[in-house]
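Here are some exercises to work through with a structure viewer open. Try each task yourself before you read its solution.

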Amino acid sequence: MNMKKLFYPLLLGAVFGLFALFGAAPNTSAANIRVVVWDEPQPEQKTAYGDFLGNTLAAHLALRPGITVKSVMLDDPNQGLSDDILDHCDVLVWWGHKRHGEVTDEHVKAIVERLQAGKLSLVALHSAHWSKPFTEAMNLRTMEDAIKTVPKSELNNIKIVKVPAPAGIPKTDDPLTPSFRRFTDREGDDTLEVHMPRCVFPIVHNEGNSSTITTLLPNHPIAFGIPASFTIPHTEVYAGPFHVPKPDAVIFEEKWNDKESFTSGCAWQVGKGRVFYFRPGHETYPIYNEEMPLRIVENAIRWAHSKK
């Protein structure tokens, strides 16, 4: 008798039985989740991955059950973001760093419209906090949150003023964004002033030190199979307050030896779609060759798709 064939179904049944009692396991049904991994190819990625980061991540995800993957890049035709690609995408995984401005507004609009409609969800990695799709998603969530502060009966009579986020990295004592202010302006109009999020943080440096990631919400689907804490041997530091809308869930916190910390795993609903931001992933460290970051990305994909 093949004991492996006998043991594995029993183990799998036991695991999913426990999650039926104590929390939902990620969706691993037969229906394929169509994932597109988008990468801004940087030569520096080859020092850590041999191939580009996006291709490496896509190759791993392609081996996981219930997931089909397409790897695309900024330098591809249509920047890898044609309507055909986006129409066959359930979850868009995005890595970018130095070339955010090259992504066309038309492609960002196409992504965000699908996000709002619930046709796709977004998983943003590392420097993608400043990518156009993520910042626009955060702008939309900011407006959703701001409008909720006004009673529905008063919405038709209020003037909404959007204040663009300042450019650059904030100081540690700068006002946190986004923020809302309701007041009567000089013309006597009832006004809702919405300061848009900067989508960045005051501290960034890169000595390649190790970090410890702590799981704050162990019952969240994105934390499935993730220990209470784990270490990333070498990584860049992002720290201080993250200038984004208040997340629906902060799943992971990351700390460095100097006690700097960051909310390194945040989740939001945006329209009918879902957004997850995961901080690790600097291109010169092989973070997406490590078990736990890879598992978190896979879990995030399954969570992002589970709304369907």
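The exercises below concern a predicted model, and each one comes with a worked solution.

**Exercise 1. Helix 5**

Task: Compare the span of helix 5 with the expected span, then find which of its residues are buried and what covers them.

Solution: Start with the length. Helix 5 runs over residues 105-117, which makes 13 residues. The expected span is 1.5 Å times one less than the number of residues, so the estimate for helix 5 is 18 Å. The end C-alpha atoms are 18 Å apart, in agreement with that value.

Next, look at burial, for which the cut-off is under 20% relative accessible area. The buried residues in helix 5 are His107, Val108, Ala110, Ile111, Val112, Arg114 and Leu115. Their cover includes three strands named with their ranges, strand 3 (91-95), strand 4 (121-125) and strand 13 (261-270), along with strand 14. Helix 4 (83-87) and helix 6 (132-148) also belong to that cover.

Finally, step past the end of the helix: Gly118 follows helix 5 and has a positive phi, near 80 degrees.

**Exercise 2. Helix 6**

Task: Work out how many of the 17 residues of helix 6 are buried, and check its length.

Solution: Take the length as before. From first C-alpha to last, helix 6 reaches 24 Å, close to the 24 Å expected at 1.5 Å a residue. Now go through the residues: twelve of the 17 are buried, so helix 6 is mostly covered. Among them are Pro133, Phe134, Leu140 and Met143, but also Asn139, Arg141 and Asp145.

**Exercise 3. Salt bridges**

Task: Find the partners of Asp90, Asp87 and Glu193 in salt bridges, and decide for each residue of a pair whether it is buried or partly exposed.

Solution: The general idea comes before the pairs. Side chains of opposite charge can pair when their charged atoms come close. With a cut-off of 4 Å between nitrogen and carboxyl oxygen, the model has 20 salt bridges.

- Step one: Asp90 pairs with Arg34, with their closest N and O atoms 3.0 Å apart. This pair links distant parts of the chain, 56 residues apart: Asp90 is in the loop between helix 4 and strand 3, and Arg34 is in strand 1 (residues 33-39). Asp90 counts as buried because its relative accessibility is 4%, while Arg34, at 31%, is partly exposed.
- Step two: Asp87 pairs with Arg114 at 2.8 Å, N to O. Here the link is between helix 4, which holds Asp87, and helix 5, which holds Arg114, across 27 residues. Asp87 is partly exposed at 44%, whereas Arg114 counts as buried at 12%.
- Step three: Glu193 pairs with Arg181 at 3.2 Å, N to O. Arg181 lies in strand 6 (residues 179-184) and Glu193 in strand 7 (residues 190-195), twelve residues apart. Arg181 counts as partly exposed at 42%, and Glu193 is buried at 14%.
- Step four: look for shared partners. Arg64, Glu298 and Arg302 are joined into one network by such salt bridges.

**Exercise 4. A buried charge**

Task: Locate Glu283 and find out what its side chain meets.

Solution: First, place the residue: Glu283 sits in the loop between strand 14 (273-278) and helix 7 (291-306). Second, search for an opposite charge. The nearest such side chain is that of Lys98, 4.9 Å away. The cut-off for a salt bridge is 4 Å, so Glu283, although buried, has no salt bridge. Third, check polar contacts: the side chains of Glu283 and His282 are joined by one of 3.5 Å. Fourth, list neighbours beyond four places in sequence. Glu283 touches residues including Gln42, Glu44, Tyr49, Trp95, His97 and Lys98.

**Exercise 5. Lys159 and the cysteines**

Task: Describe the surroundings of Lys159, then count the disulfides.

Solution: Lys159 lies in strand 5 (residues 159-163) and is partly exposed, with a relative accessible area of 32%. Lys159 touches Asp185, Glu187, Asp189, Asp190, Thr191 and Leu192, leaving aside residues up to four places away in sequence. Take Asp189: its C-alpha is 6.8 Å from that of Lys159, although 30 residues separate them in sequence.

For the disulfides, the two sulfur atoms must be within 2.5 Å, and the count comes to zero. Cys89 counts as buried, since its relative accessibility is 1%, and Cys266 is buried at 1%.

How values were computed. Residues are numbered from 1 along each chain as its sequence is written. This is a predicted model: local features need pLDDT of at least 70, side-chain atom pairs count only at pLDDT 80 or more; totals for chains, interfaces and linings use all residues. Side-chain values use heavy atoms; hydrogens and water are left out. Buried means under 20% relative accessible area, exposed over 50%, partly exposed in between (1.4 Å probe, protein chains only). Helices (H or I, at least four residues) and strands (E, at least two) are DSSP runs, numbered from the N terminus. Lys and Arg count as positive and Asp and Glu as negative; His and the chain ends are not counted. A polar contact is a pair of N or O atoms within 3.5 Å; within protein, one must be able to donate a hydrogen and the other to accept it, and residues adjacent in sequence count only if both atoms are side-chain atoms. Contact means heavy atoms within 4.5 Å.
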